[in-house]
Number of protein chains: 8
Amino acid sequence: MSTHRIADIGFARLDLDRAARTGAPEVVYAAGKTPAETVACLAALLDGGAPLAFATRVDDATAAAVRERWAGARADEAARVVYVGDLPEPVGEVLVVAAGTSDGPVAAEVAATLAALGIGSRRVDDVGVAGVHRVLEVAGELAAADAVVVVAGMDGALPGVVAGLTDRLVVAVPTSVGYGAAFEGLAPLLTMLTACAPGVVVVNIDNGFGAAVAAAKVVRTLHR
Amino acid sequence: MSTHRIADIGFARLDLDRAARTGAPEVVYAAGKTPAETVACLAALLDGGAPLAFATRVDDATAAAVRERWAGARADEAARVVYVGDLPEPVGEVLVVAAGTSDGPVAAEVAATLAALGIGSRRVDDVGVAGVHRVLEVAGELAAADAVVVVAGMDGALPGVVAGLTDRLVVAVPTSVGYGAAFEGLAPLLTMLTACAPGVVVVNIDNGFGAAVAAAKVVRTLHR
Amino acid sequence: MSTHRIADIGFARLDLDRAARTGAPEVVYAAGKTPAETVACLAALLDGGAPLAFATRVDDATAAAVRERWAGARADEAARVVYVGDLPEPVGEVLVVAAGTSDGPVAAEVAATLAALGIGSRRVDDVGVAGVHRVLEVAGELAAADAVVVVAGMDGALPGVVAGLTDRLVVAVPTSVGYGAAFEGLAPLLTMLTACAPGVVVVNIDNGFGAAVAAAKVVRTLHR
Amino acid sequence: MSTHRIADIGFARLDLDRAARTGAPEVVYAAGKTPAETVACLAALLDGGAPLAFATRVDDATAAAVRERWAGARADEAARVVYVGDLPEPVGEVLVVAAGTSDGPVAAEVAATLAALGIGSRRVDDVGVAGVHRVLEVAGELAAADAVVVVAGMDGALPGVVAGLTDRLVVAVPTSVGYGAAFEGLAPLLTMLTACAPGVVVVNIDNGFGAAVAAAKVVRTLHR
Amino acid sequence: MSTHRIADIGFARLDLDRAARTGAPEVVYAAGKTPAETVACLAALLDGGAPLAFATRVDDATAAAVRERWAGARADEAARVVYVGDLPEPVGEVLVVAAGTSDGPVAAEVAATLAALGIGSRRVDDVGVAGVHRVLEVAGELAAADAVVVVAGMDGALPGVVAGLTDRLVVAVPTSVGYGAAFEGLAPLLTMLTACAPGVVVVNIDNGFGAAVAAAKVVRTLHR
Amino acid sequence: MSTHRIADIGFARLDLDRAARTGAPEVVYAAGKTPAETVACLAALLDGGAPLAFATRVDDATAAAVRERWAGARADEAARVVYVGDLPEPVGEVLVVAAGTSDGPVAAEVAATLAALGIGSRRVDDVGVAGVHRVLEVAGELAAADAVVVVAGMDGALPGVVAGLTDRLVVAVPTSVGYGAAFEGLAPLLTMLTACAPGVVVVNIDNGFGAAVAAAKVVRTLHR
Amino acid sequence: MSTHRIADIGFARLDLDRAARTGAPEVVYAAGKTPAETVACLAALLDGGAPLAFATRVDDATAAAVRERWAGARADEAARVVYVGDLPEPVGEVLVVAAGTSDGPVAAEVAATLAALGIGSRRVDDVGVAGVHRVLEVAGELAAADAVVVVAGMDGALPGVVAGLTDRLVVAVPTSVGYGAAFEGLAPLLTMLTACAPGVVVVNIDNGFGAAVAAAKVVRTLHR
Amino acid sequence: MSTHRIADIGFARLDLDRAARTGAPEVVYAAGKTPAETVACLAALLDGGAPLAFATRVDDATAAAVRERWAGARADEAARVVYVGDLPEPVGEVLVVAAGTSDGPVAAEVAATLAALGIGSRRVDDVGVAGVHRVLEVAGELAAADAVVVVAGMDGALPGVVAGLTDRLVVAVPTSVGYGAAFEGLAPLLTMLTACAPGVVVVNIDNGFGAAVAAAKVVRTLHR
């Protein structure tokens, strides 16, 4: 049984069995692709048998091109994601916590990716450590979730505080919002890596997609 | 019911309810502490009711001091860890993969911490991407584990390859071994953060302890 | 009236009127000086009329040399500070908060410098954000202090949390303790500079002396 | 009595009691927000009882939207700040010193923020260390102020010279103006952190707002 | 016999004997030059006797200007290269492997430069290590090539895997595609420099031209 | 036919078919290994059929242990290399050029590795660009070699000058000698990567071994 | 006699006696200033008695505004400089050497500034180390000049080669042209600072103005 | 007439005509050389006809070896320099200004090198900008010198202030003394490169030798 079928469409070779092999399907990263290229990649995935194909980091032109090609396609503008096909019925719940309003697009990408992977999520926004009682107010939700994703820019201090309040895995996503010594996300990245609360794990700056895949692996284990 | 009991021993204030709250107990980080300080911290944890107290990054003098104080203490020299009390019966299995022989001490810290947390582990060493067939040989073990920890220095390329072969969470630990452009672990850290296989999460350089705590959270969820 | 008297002792030229001009006296930074040089500098300050002369970053040999020269000299070993002369009667109170036990020497330097400047202080140690209730427990003390100094290494997240709980100036001191992505204090430095709670100000890595001088300026204003 | 009232407006949760708790009110950071979002945040603060609401880093479109919503709103274009409500009667005086003409917008943000916080200020511009007599000319003003804020880009050398001439707290703000080895503000940031005159404290690059809040805390202590 | 003839055209001095001396002709790097300047440089090289002149990093305006001047000029849009004159008959074969679709333009520059230097090439695209079987599928081609060029952004892990599968020289080209901790190509650059498989050599970020020249030197040796 | 035989000796798994597969045999990197571990690795390679086993980065204790185990072992102290077995008859010639006397150990590692790989070499030392005539004097040798390796620290300018004088591949090795802005080899690394003479390829800082393997691949192609 | 007259024009305070004091007049750095502000600064300098006022880093709009205000103003477009008043009769000669055509604007700024300071200059362009004979060809000119300024981007290797060929002071100017590992001028900056030929001194990236002032100081000493 | 005589002593090739060609003789950089190697280099220079040979960065063992070989050799311990032969009669005067006592060894290297080059010097130590009047006190000496060298660590602000007070060339030497955000000399290096007073030129961190050679070139021009 082959688990390495490839769809070769010239400028790209799509990994049709990635979901079977790794638990997460091949997804189209639209940044740096033309609308036509993104459409072609989505079509190849659907042709390869995927019940749902989706792309991240889509701009308006790409979203329009996708909806023109597939009438039923849905775009999540806040998350810059577009879906073709039916979203699976969600299982479990990941709590997605964002430190500031500017971290919203990345948090939206986390939630949109989880939806595509068939995992439920719940968002809590604007929970900065400068008002630490806002964090404490969600302690109950932190304990009840299957996993936690924390999105934060600037000082990136939130995941370390959150991880001290829950026994769930905390996936931390640094964001590139901010200015000056935030250095395009370097500051929150280093903060999260050195967080004193053990059990914090980190993904790339602005990588809401990757955080969602990691959280989904945990939740799926729990609910199988 | 208080979940925030503190043992105040002057130079340190130990968080006795951390295990109840976060799933991982307060652990003594011995680097930068005198042998006497480490002993005092361990004693306070045991006095606070912990069935097992342990310290990481212990040198020979500290290990000796601990064993002098508690005859039954056991040291894991490769991991630079010392335990006082009985290790819990392990559940589950984490696969701990190390890229090179120099990554051994960090991989040992992962395994020793898992043991203290009551999680089983299995180690596979010296699996570099320069001989990619060595990675493929362990694909079965990767699929069978509850979670995977990958320890690698220099180019840090192994976690990205591993994550393409398993649907389990891959916790990546960059190490500071190596020279030149490895820049004390910066190179593998950046490699792991930008790994193209989604689902890789990263902890601090040389932080075997933190990787173990993260993996343990996943396994415990699975086996509860 | 001259406020710029200089004591020229060959290898150093000491600013005898610095206290009159800037509110903080010339102090001997002993790192990189021989014991004899530190003794000579202290002697020149005393000869210039200072009621108290003191040195920071002294090692054991220097402390011994100072005590041999002046029988009444006192050394604060934890702070690596030595005093010759009488400490002034303290006014006011600065709360000195340290995140971890490894931050102790820098916190001690803050307190010892405040004592030399005639300012009272009170220390609270081992208050990490991973156990955020430990921070909340000292909220009353934070509100009652004249100023707050927060010393933290690794993620350096504590000052941002503290600043959300008090209306006093928060002087943040990053420390070089830690490992890996802490990068010798760079991580907590960036975290503190980008802290979302406004009103946090930052000094150089490990610069407990500078934090004390800044806090002292605030307290002295209040009590004049 | 609650000091943690939150105004939840969907995309943001505003901290209505921040002024009571920390001495500085919640302020709207408009960068990265749409004009409508900034208007909504300001409205929520006013609805929550704030006598004055203001936003920083506003562009022309946002300033226009605010003035359209509230006829009496005032914009300070140089400072990129907009106010709704009455400015409090100022107490005290902070001296705001700028090294070069390019540092003007940040210095203006300092002064505008101080005005909103009810603190008086006085600006001295274009005082570079290359003409050190320009610094000496303002020595009298430096001694008379309640606190000093120094704004400087490129080499960032001015705060260290100023701190040698006054016994007031010197809050240093590095700016991102300049080119080449200024590296977007990194050079003046490092210079200020390592300034040899003790008592210099530093805030984030371009963070005029934060410097004003810190200076205001000092002045308010003095005048209460 | 002179091997250092220079064509001085005012704003540039072209090295007419570079091919004789170093094996690679002077080539026009069009970035930062006006279309007219690029045309003038190409003309000078042709006037100096070159059978083929070409420019890299050409934008649309420059390509148009070149084709207007020489009707027979050919542009390779994907590679951003333009040729005037006849391409030499190719000898040998370099395998050009690209990790992702975004690395395409750099891989195209490699192939276009090789064509201009008279070396054959064959491209294999979208061969990421996250699907390591895609790499293994080309093992035969890797062994058959005269030299291998590997182009990769983000984690840059591909060259190290490839070098474990072939005894040919592997020239690695990091690219600036990607985001976050890729830091404009720094991450793949460090990965490639520290690759554990010996025999990997590295050129500048995005420098497809330089990689082609290096590979061509090897192939020409083989086929002379 | 398997080309992936592994010798598993517990702490290490040696790749016995690496030479057959990649053209360069598995070599023991002795840094970070005990003398006994290095001896065990060498023994495993010899047991696996290698006619020659060698280790790099050996200290005196390791060299002594190897010679005690195998009477005929030879150490090259300057290169910090030790051989067990007979060196092959050399073919071809690589010119190894060192910029300064401090670059000697790395240049020696290049030559010693080439000898173990069966490739001839010739060294030219102390050829700095500050006396550019010294470079020109070796132009004939540069043209006659099969490949060139250039080793340089500090400014690392030599490879770019050399590459303008030869049509052979130039493998550049930055070294960590030097001080200040050389930043442990970062300065020459960046210089070599941005060298204006195309055809320069770069390996890791101090990686004489890797440069030799790359050069050997070229020479072997030529002489097969 | 005062040598510290200031022209205070509100947004700027111009140092009218800088030429008398430091040998170089106050010059208007137009980047970041509006055309009107640059005009006002130039007017203030002329009103203050300067025989010639000039501005650097002027864009087209500013150049137009200056020429509209003073009919006799002259703009040097390549150098982005504009002059009002008569250029002094030049003395001496500085040789201005540029490594590549992209370094032209900075070299032009050097020459234009020298002209304004009354110093003669002579330019030699496109003298890269990849064709080292081009450098040797100008050895005579290097020896005959009063001082040498070398402008180079990318690897920045030229000043070190030049300094080995002349006994004159070599002022090196790194430029921000280039890509990849040139890191906006960081690579040539480090190269120049670590150049092995002693007697190379360095100014900020792209700072042609500063290099000219330094060279002018040397030449004026020679010709007084 | 050859000006490129080389003394080849095996491990080093000494440039005997460097003084004739560049105005500064070949000097032995003893760091990283054995005492015997330094002695051999000095002997070769003397054999080549140099009236004076000297070495920098000598440790005690090397100084002893040199004095054993040549009874008349003189060591300057503070400067870590040793001379063999007679110092030339000095001409001119360079003012060597050091910011702090820790900068003494580098300032001593400047003076010792100037002495070997036949240039007079005068030192002024411990002139920090925190007491800016100490700088103003030496304004007369700054104006009277032929050139100025300023040595400073930590914030490196002194050269910019000095350059505003003199029309002489100011050669700035950053030092690696200091801690924290001084980052081994990076902070003063960036400060000096971005100094607002034009006419400051910079050499490598701790490179007192290079600063002396640059200053000597200026003085020799003046006095020929």
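Here are four short exercises, each with a worked solution, on a predicted model of several protein chains.

**Exercise 1: Two copies**

Find what turn and what shift along the axis lay chain B on chain A.

*Solution.* Begin with the superposition: a turn of 180° with a shift of 0.0 Å along the axis places chain B on chain A, and the RMSD is 0.0 Å. The two copies are therefore related as by a two-fold rotation axis. Next, look at the surface they use: 100% of the contact residues of chain B recur in chain A, so the same surface serves both copies. To finish, turn to two other chains. Chain B does not touch chain D, and their nearest C-alpha atoms are 20 Å apart. Chain B and chain H have no contact either, with their closest C-alpha atoms 15 Å apart.

**Exercise 2: A sheet in chain G**

Work out the strand order of the open sheet in chain G, and name its edge strands.

*Solution.* Start with the order: the four strands run β3-β4-β6-β5 in chain G, with mixed pairing. Then go to the ends, where β3 (28-29) and β5 (74-76) of chain G each pair on one side only, making them the edge strands. Now zoom in on one pair. β5(G) and β6 (residues 81-85) of chain G run antiparallel and are joined by three bridges. In β6(G), Val81(G) is the bridge partner of Asp76(G). Last, add the helix: α2 (residues 35-47) of chain G lies across β3, β4 (52-56) and β6 of that chain, at about 155° to β4(G).

**Exercise 3: Two sides of a helix**

Decide which residues of helix α3 (residues 60-69) of chain D are buried, and whether they line one face.

*Solution.* First pick out the buried residues: Thr62(D), Ala63(D) and Val66(D). Looking down the axis of α3(D), you find these buried residues within an arc of 100°, so they line one face of the helix. A general rule helps here: an α-helix has 3.6 residues a turn, so residues three or four places apart point the same way. Then check the other side of α3(D), where Asp60(D) and Glu68(D) are exposed. Finally, see what the buried residues of α3(D) pack against: α2 (35-47), β5 (74-76) and β6 (81-85) of chain D.

**Exercise 4: One valine**

Is Val97(A) buried or exposed?

*Solution.* Locate Val97(A) in strand β7 (residues 91-98) of chain A. Its relative accessibility is 1%, so Val97(A) counts as buried. Now list its partners: beyond neighbours within four places in sequence, Val97(A) contacts several residues, including Val124(A), Leu142(A), Val150(A) and Leu158(A). As a last step, compare sequence and space: Val97(A) and Arg123(A) are 26 residues apart along the chain, with their C-alpha atoms separated by 5.9 Å.

Key:
Residues are numbered from 1 along each chain as its sequence is written. Chains are lettered from A and ligands numbered from 1 in the order in which they are written. This is a predicted model: local features need pLDDT of at least 70, side-chain atom pairs count only at pLDDT 80 or more; totals for chains, interfaces and linings use all residues. Side-chain values use heavy atoms; hydrogens and water are left out. Copies are superposed by least squares on the C-alpha atoms of residues with pLDDT of at least 70 in both. Contact means heavy atoms within 4.5 Å. Two strands pair if DSSP finds at least two bridges between them. Helices (H or I, at least four residues) and strands (E, at least two) are DSSP runs, numbered from the N terminus. Axes are lines fitted to C-alpha atoms, for helices over the stretch in contact, and angles run from 0 to 180 degrees between N-to-C directions. Buried means under 20% relative accessible area, exposed over 50%, partly exposed in between (1.4 Å probe, protein chains only). The arc is that of the directions from the helix axis to the C-beta atoms.
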